[in-house]
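Me: I'm new to reading protein structures. Could you walk me through this one with some questions and answers?

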Amino acid sequence: TLFITVLFWVLGVEIFAQKQPQVLPADQEISLKYGADRLGKRTDDAMRKFRDNRLGAFIHWGLYAIPGGEWNGKVYNGAAEWLKSWAKVPADEWLKLMDQWNPEKFNAKAWAKMAKKMGVKYVKITTKHHEGFCLWPSKYSKYTVAQTPYKKDILGELVKAYNDEGIDVHFYFSVMDWSHPDYRYDIKSEEDAVAFNRFLEFTDNQLKELATRYPTVKDFWFDGTWDASIKKNGWWTAHVEQMLKDMLPGVTINSRLRADDYGKRHFDSNGHLMGDYESGYERRLPDPVKDLKVTRWDWEACMTVPENQWGYHKDWSLSYVKTPLEVLERIVHAVAMGGNMVVNFGPQADGDFRPEEKELADAIGKWMQKYGECIYGCDYAGWDKQSWGYYTRKGKDVYMVVFNPPYSKHLVIKTPKGTKVVKAALLDGKEVAVKETARNEYNVDMPAKDPEGPFVIKLQIEENAGGADKYRDALT
Ligand SMILES: C[C@@H]1O/C(=N\OC(=O)Nc2ccccc2)[C@@H](O)[C@H](O)[C@@H]1O
């Protein structure tokens, strides 16, 4: 009996183990059925709009906003949207929070106006987070807004309000669903496999429901896809990407959804990006000197204002809260490296925003109003990073976004070979002096009047300017 038991256990583990790729010479690619289906950046209009939008906002709103990080009198300093996990609350007890879901201050039009004033071009909304509570009246779950005192379709109200303001809507969707009895963290038995296949069908149905009910959605941002159960079902992640693209031509899909034949995530076993843009830069950014590889593909970063709070937490004193300037620098840093930035908001349970978030939206909006042309439609300039700040570029225009003015009063520029700086001016047209100091090196003067905050200088350049120059390299 023992032998049989061990045999079955070994077989079981063997059958449900993650497939491993054969090892090949480095230059040889392995054949994949569920790897990247495209090499290089997408060049269609829908992707161009995704890229040109550059600045987005995240909305993390769910039952977790009600307790706001506190459970049974204990405040947890972990991410508030994970409180169910920190406080070890059983799903049925957690979902009883639905009886209190009645955001009497919720006004979708006011949310959309706030986003418009902030200058975001898109908003990513948590349709369903890990807790399994749906902001839309899904017919595949009993844990939705329809079964709360609020009753109405919050997601539908938000999609209309944002779209009416000309703001694109993206859907955050957590595959991991703590409310669903068929969710599995791993597949270790036939029973696991049967249950999880039921779960994948349920998930397909919810995704088709979202795509059908809200056809103006421009993007699906998948999360909750790191468990072994998903990595062992790379085929399903490829199927979901294709299913949504068939239903909504042009829709964009993030890399975090995807796992290939061997469970490799984001980048397949041959190193190619899956999905339409990399979504690994969460609360961190690529280094502007060491990580220039990211300029080869589309990517989108997302960030929290406290150190790590996506959902509403009642006590922001528990961690460092970024100032508007620190948020702004991250936005510019992302665009300067060819990426998008999504700034997170965690609305209160009553449907209003906390004062810090309203002040942040206002401050960012004021800057974008004045300097947004160095963000929207801009990309990596390809020039060496300097200490005073960041370059962005749009066609022939190169922008200097200055965060750290030097005591020398000169902003040093090093241009690529064959590129000359012809003129430099503030965005109001006022010129600032440019002096060539060496081959491909210039000093740009700080403006006479201190801009009192991060500001932009627009450069007029001449590329492939040939001809000998007066400089001699040192003979070393
Ligand atoms: C945007 C955030 O996304 C999450 N998790 O993200 C990740 O786990 N990110 C991650 C994981 C591994 C590597 C890089 C990023 C969620 O758990 C969290 O509540 C929030 O919705």
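**Strands and a ligand**

Reply: Happy to! Strands β10 and β11, the latter spanning residues 397–402, are paired antiparallel through six bridges. Keep in mind that this is a predicted model.

Me: Which residue in β11 is the bridge partner of Tyr391?
Reply: β10 covers residues 389–394, and its antiparallel partner β11 covers residues 397–402. Within β11, the residue bridged to Tyr391 is Met400.

Me: What is the order of the strands in the open sheet?
Reply: Let's build it up pair by pair. β10 pairs with β11, and β11 is joined to β16, residues 455–462, by six antiparallel bridges. β13 in turn pairs with β16, again antiparallel and over six bridges. Put together, the four strands give the order β10-β11-β16-β13.

Me: Why is one side of β10 and of β13 left without a neighbour in the sheet?
Reply: The sheet is open, with its strands in the order β10-β11-β16-β13. One side of β10 (389–394) and of β13 (420–426) has no neighbour because each stands at an edge with a single partner strand.

Me: By how many degrees are neighbouring strands of this sheet turned against each other on average?
Reply: The pairing in this sheet is antiparallel, but the angle here ignores direction. Counted that way, the average turn between neighbours is 25°.

Me: Which residues of β16 stand opposite Val398 and Leu426?
Reply: β16 pairs with β11 and also with β13, so let's take one partner at a time. Val398 has Leu459 as its bridge partner in β16. Opposite Leu426, the β16 residue is Ile457.

Me: Which helix lies across β10 and β11?
Reply: Look for a helix made of residues 324–336. It runs at about 50° to β10, and its name is α10.

Me: Now the ligand! How many residues surround it?
Reply: The closest ones are His60, Glu81, Trp82, His129 and His130. The shell divides into five nonpolar, four polar and four charged residues. The full count around the ligand is 13.

Me: How much of the ligand's accessible area does the protein cover?
Reply: Start with the polar side-chain atoms facing ligand oxygens: one of His60 lies at 2.7 Å, one of Arg256 at 2.9 Å, and an N or O atom of Asp223 at 3.0 Å. On its own, the ligand has 470 Å² of accessible area, and the share covered by the protein is 75%.

Terms used: Residues are numbered from 1 along each chain as its sequence is written. This is a predicted model: local features need pLDDT of at least 70, side-chain atom pairs count only at pLDDT 80 or more; totals for chains, interfaces and linings use all residues. Side-chain values use heavy atoms; hydrogens and water are left out. A residue is near a molecule or strand if one of its heavy atoms lies within 4 Å of it. A polar contact is a pair of N or O atoms within 3.5 Å; within protein, one must be able to donate a hydrogen and the other to accept it, and residues adjacent in sequence count only if both atoms are side-chain atoms. Accessible areas come from the Shrake-Rupley method with a 1.4 Å probe; for residues, only the protein chains shown count as cover. Ala, Val, Leu, Ile, Met, Phe, Trp, Tyr, Cys and Pro count as nonpolar, Asp, Glu, Lys and Arg as charged, and the others, Gly among them, as polar. Two strands pair if DSSP finds at least two bridges between them. Helices (H or I, at least four residues) and strands (E, at least two) are DSSP runs, numbered from the N terminus. Axes are lines fitted to C-alpha atoms, for helices over the stretch in contact, and angles run from 0 to 180 degrees between N-to-C directions. Contact means heavy atoms within 4.5 Å.
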